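Please open the structure in a viewer and keep the selection panel at hand. The tour below proceeds stop by stop, naming what to select and what is found there.

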Amino acid sequence: MEKLRNLASDIEKVSEEYSGLTWVQFTTGFDFGIDKKYEEMMSYYTSKENFEYVRKIFDRNNLGEFEKREAELMFKSFEPFHLSDEVNKLNMEISSLTNKLSGVLNTHRSTINGVEMSSVELAQIMRNSDDESKRKEAYFARTQVNKPLFDAGFAELINLRKEYAKLRGFDTFVDLQLDANELDSNIFSSWKDELHEMVPAMNEKRSEMAGIYLGKNEVMPWDEAYLVSKIAPSLNKKVDMTEFYQVLRDFYKKFGFDLDKYNITYDIFPRKNKSEWGYNFPIAVEKDARVLANVKNEYNEYGVLLHETGHGVHHFLQKREEMILNQGISGIITEGIANLFGSFLYDESFFSRFFTDNKIKEELKRYEDYSKVNSLRAIPSIMFDQDLYRTDIKTLDDINDLAFKTTKDYLGVDRFGDQYPWGFRIHHTTHPIYLHNYFMGDVTSELLKKSFKDKFGVEKVSEKPMEFGNFLYEQVIKPSGKYKYAELVKKISGKEFSLECMK
Ligand SMILES: [Zn+2]
């Protein structure tokens, strides 16, 4: 086992260097040899000698429960590299094209009337502008990256992934990804029906709110953020972001997590050639985590900082000696923990620092009611991401048509433009079949909170933050790599995963 762990540790070292290079690319646009480093990392996996050793351990029948899991995780990560040279060649091509396309996305800037606009500026227009045509302009400005992304090879990327999945023996790339993440490919089968059940109540509530706040009877995509601003205007309060670190440090301390003890680097303001998203780069477990974000000056922008810091803390709480088990941590748990911290944006334990009156409480109550009814609206984009791999994609129109068709099929929303803003969402390029993690992460964090509240007899987890921090560590973080997601969620909540708690 020692040798197996050493092998994992050697790979980890190269992978840390690889992550460092991607951090540079995402924060500056410079590529200092990502493809080459990826090749170096892959050479560990393609080595016949390494694979023979991994297989030997995997075939042993005298391993303990967690050793067995380590052996399985290692075997699973090596096995695909020993099918054929063609598979390995395709894998390299996919990685290289993904890297090229993420460069396109990271350095692209949308413009309005010839003026460059950052993602946070577009978001602020959509939240704040009383002029619907301005909001619409900002919303569609996000579609500007579709064509450059397509021209750089987005369809080729989708098709290479499809081919790769076939060669690996899977029906679709979706099945391959779910298998890699230890998820059953049937988990989504009931979602469409469950969403359809919710749509009438959802539309009724949305229409009611549109009547009150927008003076019309439906909420268009460019009204979504604006409507939230009308329901809870305090969320747009101007804040001084230069003090963000103290704010985060004081907040996380309440749960027993001391950011001063970790090494989390923050790069949070927009800059030319920097990715417009929010990320945590888990560079090296227990040593180095880096947060990329794009914020400006509004209270709500703390949501992303809370989320990414949640990732950073989770990363520092993992153990280096459990390097192999850490690979088995489900993306649902990772995003669930991050979303859990992100959701404190709406909790007094966080907002009390910024708001002293009670107005925000009433606003957030209304917001909560509204967002609850909309909770399943995340489903269409998850399905669009999957259906890219179940649909013939040749032209830019094929992608736009699929995006609008999905919105129609799932929500009954008619086509509302020439182009759909799909390209700007970097996940389709860099993290395919990943979006379900946020949504299922939310479901999981609801289950977790419920289990804590029942056990500790509180109404909100923030009433006992120290206990909750400890609970989170013991029940979720510590065992998170040791079990598959489905087993872990059962251990935490005593229940199987279901969408019930989101309705
Ligand atoms: Zn995240």
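The stops that follow cover a sheet, two helix pairs, a helix with its surroundings, and several single residues. The model is a predicted one.

**Stop 1: the sheet**

Begin by selecting strands E3, E5 and E4, which in that order form an open sheet of 3 strands with mixed pairing. Which strands form its edges? They are E3, residues 264-267, and E4, each of which pairs on one side only. On average, and ignoring direction, neighbouring strands of this sheet are turned by 20° against each other.

Next add helix H1, residues 2-28, to the selection. H1 packs on the sheet and touches E3, E4 and E5. The direction of H1 makes about 150° with that of E4.

**Stop 2: strands E4 and E5**

Now restrict the view to E4, residues 279-284, and E5. Is E4 mostly covered or mostly uncovered? E4 is mostly covered, with 5 of its 6 residues buried. E4 pairs with E5, residues 288-292, in the antiparallel sense, over 4 bridges.

Two positions help to follow the pairing across the strands:

- Tyr279 stands opposite Leu292 in E5.
- Phe281 stands opposite Arg290 in E5.

Then select the turn of this hairpin, where 3 residues lie between the strands. Here Glu286 takes a positive phi near 65°.

**Stop 3: helices H16 and H22**

Select helix H16, residues 331-342, together with helix H22. Their axes come within 7 Å and cross at roughly 65°. Because of that angle, H16 counts as roughly perpendicular to H22. The crossing of the two helices is right-handed.

To display the contact, show the following residues as sticks:

- from H16: Gly331, Ile332, Ile333, Thr334, Glu335, Gly336, Asn339 and Leu340;
- from H22: Asn437, Tyr438, Met440, Gly441, Asp442, Thr444 and Ser445.

How do the residues of this contact divide by character? The contact of H16 with H22 comprises 5 nonpolar, 8 polar and 2 charged residues.

**Stop 4: Ile433, ahead of H22**

From H22, residues 436-456, move to the loop that links helix H21, residues 427-430, with H22, and select Ile433 in that loop. Ile433 is not a glycine, yet its phi is positive, near 50°. Why does Ile433 count as buried? Ile433 has 25 C-beta neighbours inside 10 Å, and a residue is classed as buried because 20 or more such atoms lie within that distance.

**Stop 5: helices H6 and H7**

The second helix pair consists of H6, residues 119-128, and H7, residues 132-141. The two helices pack at an angle of about 145°, and their axes are 8 Å apart. The crossing of H6 and H7 is left-handed.

On the H6 side the contact is made by Leu122, Ile125 and Met126. On the H7 side it is made by Lys134, Arg135, Ala138, Tyr139 and Ala141. The contact of H6 with H7 divides into 6 nonpolar residues, no polar ones and 2 charged ones.

**Stop 6: helix H10 and Glu182**

Select helix H10 and colour its buried residues, which are Phe173, Val174, Leu176, Gln177 and Leu178. What covers these residues? The cover includes helix H9, residues 154-167, and helix H19, residues 379-387.

Just after H10, select Glu182, which takes a positive phi of about 60° although it is not a glycine. Glu182 lies in the loop between H10, residues 173-180, and helix H11, residues 191-213. Glu182 is partly exposed, having 16 other C-beta atoms within 10 Å.

**Stop 7: Phe75 in helix H4**

The last selection is Phe75, in helix H4, residues 65-78. Is Phe75 buried or partly exposed? Phe75 is partly exposed, with 16 other C-beta atoms within 10 Å.

Add the residues that Phe75 touches beyond four places away in sequence: Val54, Arg55 and Phe58. Finally, draw a distance from the C-alpha atom of Phe75 to that of Tyr53. These two residues are 22 apart in sequence, and their C-alpha atoms are 9.6 Å apart in space.

How values were computed
Residues are numbered from 1 along each chain as its sequence is written. This is a predicted model: local features need pLDDT of at least 70, side-chain atom pairs count only at pLDDT 80 or more; totals for chains, interfaces and linings use all residues. A residue is buried if 20 or more other C-beta atoms lie within 10 Å of its own, exposed if 12 or fewer, and partly exposed in between; C-beta atoms are placed from the backbone. Axes are lines fitted to C-alpha atoms, for helices over the stretch in contact, and angles run from 0 to 180 degrees between N-to-C directions. Angles under 35 degrees count as roughly parallel, over 145 as roughly antiparallel, 65 to 115 as roughly perpendicular and the rest as oblique. A crossing is left-handed if the near helix is turned anticlockwise from the far one by less than a right angle, and right-handed if clockwise. Two residues are in contact if their C-beta atoms, placed from the backbone, lie within 7 Å. Ala, Val, Leu, Ile, Met, Phe, Trp, Tyr, Cys and Pro count as nonpolar, Asp, Glu, Lys and Arg as charged, and the others, Gly among them, as polar. Two strands pair if DSSP finds at least two bridges between them.
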